[in-house]
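Here is a friendly walk through one chain of a complex and the surfaces it uses. Take a look at the structure first, then read on.

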Amino acid sequence: MDTAVTTRPCLIDVKGCRQAYHKDANADLVVLDDVNLTLHEGEIVALLGRSGSGKSTLLRIVSGLLKPTAGEVTWRGKPVSGPTDGVAMVFQSFALFPWLTVQENVEIGLEARGVHRSEREKRAETAIDMIGLGGFENAYPKELSGGMRQRVGLARALVVHPDLLLMDEPFSALDVLTAETLRTDLIDLWMDGKLPVKSVLMVTHNIEEAVLMCDRILVFSSNPGRVATELKVPFPHPRNRLDPDFRQLVDDIYGIMTRRPPAGPKAATAAPVSPLAMPLHRVGTNIMSGLMETLAAEPYNGRADLPALANSLQYEVDDLLPLGETLQLFRFAVLEEGDILLTDLGRTYVEGDTDQRKKLFSEALRLYVPLANMIRQVLDERWNHRASAVRFRDELEDHMSPDYAADTLRTLIGWGRYAELFSYDEEAEQFGLEDIE
Amino acid sequence: MSATTNYSMAAGWRLPNVWDLVAFVCVIGALVGVSHVAAGTLTRIDAPGATQITLDPMNLPAYAVRTTLRMFAALAASLLFTFTYGTAAAKSRRAALVLVPVLDVLQSVPILGFLTFTVVFFMNLFPGQVLGLELAAIFAIFTSQAWNMAFSMYQSLKTVPADLYEASISFHLTSWQRFWKLEVPFATPGLVWNTMMSMSGGWFFVVASEAVAVGDNTWKLPGIGSYVALALEEKDIVAVGWAILAMLVVILAYDQLLFRPLVAWSAKFRFETTAGATASDPWMLRLMRRTRLLQFIGERVGDMAAYIGGLRLSFTGRVRSMTSPEPSKAVDAAWIAILLALVSIAAWRVVLFASRAISWADVGEAVGLGLITLLRVVVLMILASLIWVPIGVWLGLRPVWARRAQPIAQFLAAFPANLLFPPFVLFIVYFHLSPDVWLTPLMVLGTQWYILFNVVAGAAAFPGDLKEAAANFRIGGFLWWRKVIIPGIFPYYVTGAITASGGSWNAAIVAEVASWGDTKLQAHGLGAYIADATDKGDMARVVLGVVVMSTFVVLFNRLLWRPMYAYAQRRLTLG
């Protein structure tokens, strides 16, 4: 099948793509680094990665909505400048115009091309019927459920008969059952050759979704976003989630995504990394305790397979991996090839009462999160035991985007309060030692 | 950690005394100002200097202080009104029957027309004293501030979340405690915003209300408004310039010292649990939080407020459960009967009064002039929209520009446009232009900015994914305006346009008549009619003019803006 695909005409070709946001006085924040992507006719390709891995940015570069900082993007051999004609996009948030009816929303792309009214209505009707929206033509998006709204988004994209359909996490705002129906409907249409598109590129953070739908998966690593691995999915449609080969591939991808990024040549050339250059995931202490208790109890007894755990907790990769990595940071758990193991320290934590837990957490926080330790040291040195949060955020911003810096600081405030390492005055934006013994 | 970050910390905390000193000077200065004004207020009206003013710019700071204090006195009265009237309307179903429509009509009545009579009323209360004049001026300002504040309070109290209400009942809070612990905090953000808007509206009236002519006497209360009036009489354009400068300084000062901190502070009462866009604290709020003295005062005030709000007072006896007993039908009937009787008496009085002094021809004339003013308002709204909507969209879609433009537009909306009339009048006189056409733009001079800043806000809030979708489907040109951005900003536009058109009606009274020394320019219109009747002391015609204008405004609102607003809310809002 590969050979067949690669001999087909090439739709989009991205070479050496880099996207960076300039930040004054400091090094640029690199979102995408040296990404290559070639897309041929007749394939569905997934960009799979955690949030912040730049996969949505790549999708916008492909669509021509965003111009990359460096690298070249060609569409059917011609360089892309501005929104490409043969590309239509489906949005995570649906992006329907609330003041237009279903029919008008679907027609808007044709209207923009100056398609005649009667032709427009005919094509819209076809697309609406194909995607299962018949009877809803006069409804406004507000009146529809999430699943129906995304069908409108799909119809709107398909009606212009794009060569390439881009989908930005199209099912992640939907509940599990609705998402599954939409996925299978879409794949059925694709297999029957009814989709008026040549190729599909979708962004997702859902591993099973990627394995279920796509022919090829590009796994992204974060910070900066790079293509870590490229995988082919050899199964024919319709695919069975319970098939052992399917499960194995999902397991493998979990393994890839939990692997520590290799300290390759990049690290050697980069400037010495500050201990502060460590973005923290927004993970609460309750959910950490909850996961550790779950791991310690039956049926896991200290070791769990990540996909199985994600399934039973109804968690997506984006929820589970940050949680696992945070536990790993505190040495409460270890991630190993798609499994999570509770450490002895983790067990002690689970068995402790509130005070003991706080003590353990506090120790771990000071040991493994340099910023937490630094804040406490500054507070101890100050005569009034107060310090502004702004300076710590500024320092964080030297190493990460302002959003990450704000998130990291917010997370740290929550952890520090729980550990009773320091207190925080939101209004004055100051750390302090009030009510801390 | 770097050495550079330590310095600011040290400056902020080791030397609080500098800030204390600044605060101390401010407080003493304010006290001196207030006592000076109080002394001026309690003198007799014929005392030397009590109602005379000079065009010496050196006096302007003192005038500015007096004007500002009048504004704040009116604001205090408005707050009192808000907490009583707004609360009564929200709490009592029967009271709401009357209070809400009355408030709605009061909003549309151009009180400016009644100025002469309120002055006479207050002067009779305090014969021969400046206090009467002061109260009349304060009352005029009050009438421009109170209504929207009361409405804001009413609406907030009506929308207190049911779960918080249930929680307050289940913890046995008395109605007094519930009012201060739940309802007032919940209403605070809206109230602060409306207070700020009211303050802007008040300036317009200050200028008109400080210098009043009753019969043959003209009194000028020391203040910026009188200063401008005198400058106009004496054709002193430089003095007008000084007055504008003084006004700029005052508006900038209270905006920075009072409203920015208040708005930032009130954000903590916002009910949404999602973190909104958090702007950095205004410098004044930082000063108050970092200055020991101010912090101490603030804490004491807060403690006292908490104590008073925590008193277990109750006005409705025992704390009742949510399901109050069926309202008594008999009491309802009695209440409606009383109302009907009162309305009948009022109607009878009006008819008696009107039949004596007003003929049908007068009514016809007033309505005819009203139509002319209506035409002006409509043309102005169309012109202002054509100009400001594209500019607002352009600015709003560029975040950097939107951030710059927003405060400027808000400031311009706050600036009393009647101060800017003199240059226009000069222009019209110089070129011998037709007042009927060229006085018209003055009506919208101060109010057009509401359209601009609302459109900027709308365009800035336009969702990014819709922008991307429009770009992805290559929607451009006229189609983009028609199907993408205009529907997107429409709810914001309507909000701005309602304010702008209401303000323009009110402005007609001062904008259709303008003078420069002995030259008097007059346009044909209802505003000029009212102003003319006021000058002549013709009570009947003033009332007629005001009634006709109120009717026009109410009809304009009901037939055009309300349906548009409802449509925008129903169809064009996201989510």
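## Where chain B touches chain A

In this predicted model, 23 residues of chain B make contact with 25 residues of chain A. Which elements of chain B supply at least two residues each to the side that touches chain A? They are H1, helix H20 (464–472), helix H21 (477–511) and helix H23 (539–572) of chain B. H20(B) gives the largest share of that side, with 6 residues. Sorted by class, the side of chain B that touches chain A holds 13 nonpolar, 4 polar and 6 charged residues.

## Two domains within chain B

The domain assignment splits chain B into domain 1 (30–271 + 290–318) and domain 2 (358–575). Their centres, taken over C-alpha atoms, are 25 Å apart. The contact between them draws on 27 residues of domain 1 of chain B and 28 residues of domain 2 of chain B. On the domain 1 side, the elements that give two or more residues are helix H4 (93–108), helix H5 (115–125), helix H8 (175–209), helix H9 (224–233) and helix H10 (237–266) of chain B.

This table sets out the two sides of chain B by residue class.

| Side | Nonpolar | Polar | Charged |
|---|---|---|---|
| Domain 1 of chain B, touching domain 2 of chain B | 20 residues | 5 residues | 2 residues |
| Chain B, touching chain A | 13 residues | 4 residues | 6 residues |

## The overall build

Chain B contains 23 helices and 4 strands. Of its 575 residues, 37% count as buried. How many of the contacts in chain B between residues at least 6 apart in sequence join residues at least 24 apart? The share is 79%.

## How far to trust it

The model as a whole scores ipTM 0.78 and pTM 0.77. For chain B, the mean pLDDT is 79, and 83% of the residues reach 70 or more. Confidence in chain B is highest in helix H14 (residues 360–396), at a mean of 91, and lowest in helix H1 (residues 4–14), at 36. Residues 1–16 of chain B have pLDDT below 50, and this stretch has 12 contacts in the model beyond near neighbours in sequence. The pLDDT is also below 50 over residues 273–278 of chain B, a stretch with 0 such contacts.

Where pLDDT is low, the predicted coordinates should not be read in detail. Please keep that in mind for H1 of chain B, one of the elements on the side that touches chain A.

Conventions
Residues are numbered from 1 along each chain as its sequence is written. Chains are lettered from A and ligands numbered from 1 in the order in which they are written. This is a predicted model: local features need pLDDT of at least 70, side-chain atom pairs count only at pLDDT 80 or more; totals for chains, interfaces and linings use all residues. Domain bounds come from an automatic or database domain assignment. Two residues are in contact if their C-beta atoms, placed from the backbone, lie within 7 Å. Ala, Val, Leu, Ile, Met, Phe, Trp, Tyr, Cys and Pro count as nonpolar, Asp, Glu, Lys and Arg as charged, and the others, Gly among them, as polar. pLDDT is the predictor's confidence in each residue, from 0 to 100. A residue is buried if 20 or more other C-beta atoms lie within 10 Å of its own, exposed if 12 or fewer, and partly exposed in between; C-beta atoms are placed from the backbone.
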